[in-house]
Amino acid sequence: NAPVTPAASISPTRDNIILTTGVRNPPLADLAQPMLRLAGPRINPAANSAHRYQYSVALTLKRIADGSEVKIEVPPNAKISGVEWSEDGKHFAFLNGAANRVELWVGDTATGKIRNIKGVTINSVMNNALTWMPDNRTLLVQLVPATRGPAPAMPSVPNEPNTQESSGRAGPVRTFEDLLRSPHDETLYEYYATSQLAFVDSVSGRATPFGKTAIFQAVDPAPDGQHILIARLQKPFSYLFPDSLFPKEIEVWDTKGKLVHKLASLPLSDQ
């Protein structure tokens with residue numbers, strides 16, 4: 001029953017700290033959420049997020065110079081994750097897990113005030129859903145695609161037999177949990193993991209999608225703010241390995257989503 005020791009996130013300018021207070025024992029309501037075990041990740045389909053991720057319920061802004069603290073008024077029943085500072089330390093952003101979506105929030109360091117960016121639904125399945133651009137104003141996020149339809153239903157009759165192929169080179173096979181098991185699993189994984197990249201103006205709240213939807217394993221903006229390093233997963237998906245080892249394309253995009261340079265096409269990392 002002892003209070004949880006807060007974690008500390010220090011601003012890049014080293015003048016402020018955000019203290020994040022977590023939960024020692026998650027409530028039964030968290031454990032009872034629906035869960036899909038797909039390609040390694042455990043997904044909560046209700047919120048299009050990871051299932052049972054580490055989150056915080058309270059935030060405190062601490063001034064390093066004098067040790068004073070400002071309690072941040074977080075939303076009710078907050079499930080805060082992914083706290084990110086802007087490079088100039090004047091703003092911070094975080095994700096909040098609601099019952100049926102993941103929200104984007106932005107805070108002001110000078111006042112400790114936060115606000116929700118309306119109309120933005122984050123896809124946090126791949127765990128790299130939020131980062132600041134070098135201009136200290138724009139956020140690069142992964143969104144649930146606006147044109148996505150309802151989740152694919154389980155077919156009453158399998159579309160094909162369950163087969164395994166053993167041709168090719170011999171290789172080690174480790175034991176992994178929660179792997180894909182059927183074509184329907186593949187369809188579900190692709191449905192929940194696919195994101196739309198977008199730039200979100202932290203002041204106006206305007207979201208500007210760019211590029212094609214994909215399953216993004218990594219999204220890393222360049223220091224010049226004009227290019228983005230992308231790692232996106234490709235088919236064929238494996239039933240023996242998790243998605244961290246799936247085939248992938250490593251590319252550099254511009255801010256319009258246009259391919260500037262392809263670094264590598266990596267096959268399944270089964271060797």
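A residue is called buried when its relative accessible area is under 20%, exposed when that value is over 50%, and partly exposed in between. In the predicted model described here, Arg-42 has a relative accessible area of 32% and is therefore partly exposed, whereas Glu-177, at 60% relative accessibility, counts as exposed. These two residues form a salt bridge in which the closest N and O atoms are 3.8 Å apart. The pair links distant parts of the chain, since Arg-42 belongs to strand S4 (residues 42-44) while Glu-177 sits in the loop between strand S13 (138-143) and helix H2 (183-193), 135 residues apart.

A search of the whole structure finds 11 salt bridges, and two further examples may be described. Glu-69 and Lys-62 meet through their side chains in a salt bridge with an N to O distance of 3.1 Å; Glu-69 is partly exposed, with a relative accessible area of 48%, and Lys-62 is likewise partly exposed, with a value of 25%. A salt bridge of 3.8 Å, again from N to O, joins the side chains of Glu-103 and Arg-101. Here Arg-101 counts as partly exposed at 21% relative accessibility, while Glu-103, at 14%, counts as buried. Elsewhere, Arg-37, Arg-42, Glu-177 and Asp-178 are joined into one network by salt bridges that share partners.

The surroundings of Glu-103 can be followed further. This residue lies in strand S10 (residues 102-108), and its relative accessible area of 14% is under the 20% limit, so Glu-103 is classed as buried. In addition to the salt bridge with Arg-101, the side chain of Glu-103 is joined to that of Trp-105 by a polar contact of 2.9 Å. When residues up to four places away in sequence are not counted, Glu-103 touches Phe-94, Leu-95, Asn-96, Ala-98, Asn-116, Val-120 and Ile-122.

The largest nonpolar core has 16 residues, and those with the most contacts inside this core are Leu-104, Ile-122, Leu-139 and Val-141. At least two residues of the core are supplied by each of strand S9 (91-97), S10, strand S12 (130-132), S13 and strand S14 (196-201). Leu-104, leaving aside its neighbours within four places in sequence, is in contact with Phe-94, Leu-95, Arg-115, Asn-116, Ile-117, Val-120, Ile-122, Leu-130, Leu-139, Val-141 and Val-200. A second core, separate from this one, has 15 residues, among them Ile-43, Met-126, Tyr-189 and Leu-233.

Strands of a sheet pair through backbone hydrogen bonds, in either a parallel or an antiparallel manner. In this model, four strands form an open sheet in the order S12-S13-S14-S15, and their pairing is antiparallel. Because S12 and strand S15 (207-209) stand at the edges, each with a single partner strand, one side of each is left without a neighbour in the sheet. From one strand to the next, the twist averages 25°. Within the sheet, S13 and S14 run antiparallel and are joined by six bridges, and Leu-197 in S14 is the bridge partner of Gln-142.

Notes. Residues numbered from 1 in each chain as written. Predicted model: local features only at pLDDT ≥ 70, side-chain atom pairs only at ≥ 80, totals over all residues. Heavy atoms only, no water. Salt bridge = Lys/Arg side-chain N within 4 Å of Asp/Glu carboxyl O. Buried < 20%, exposed > 50% of the residue type's maximum accessible area, 1.4 Å probe, protein only. Polar contact = N/O pair within 3.5 Å; in protein donor to acceptor, adjacent residues only side chain to side chain. Contact = heavy atoms within 4.5 Å. Core = buried A, V, L, I, M, F, W, Y, C linked by side-chain atoms within 4.5 Å. Pairing = 2+ DSSP bridges. Axes fitted to C-alpha atoms, helices over the stretch in contact; angles between N-to-C directions.
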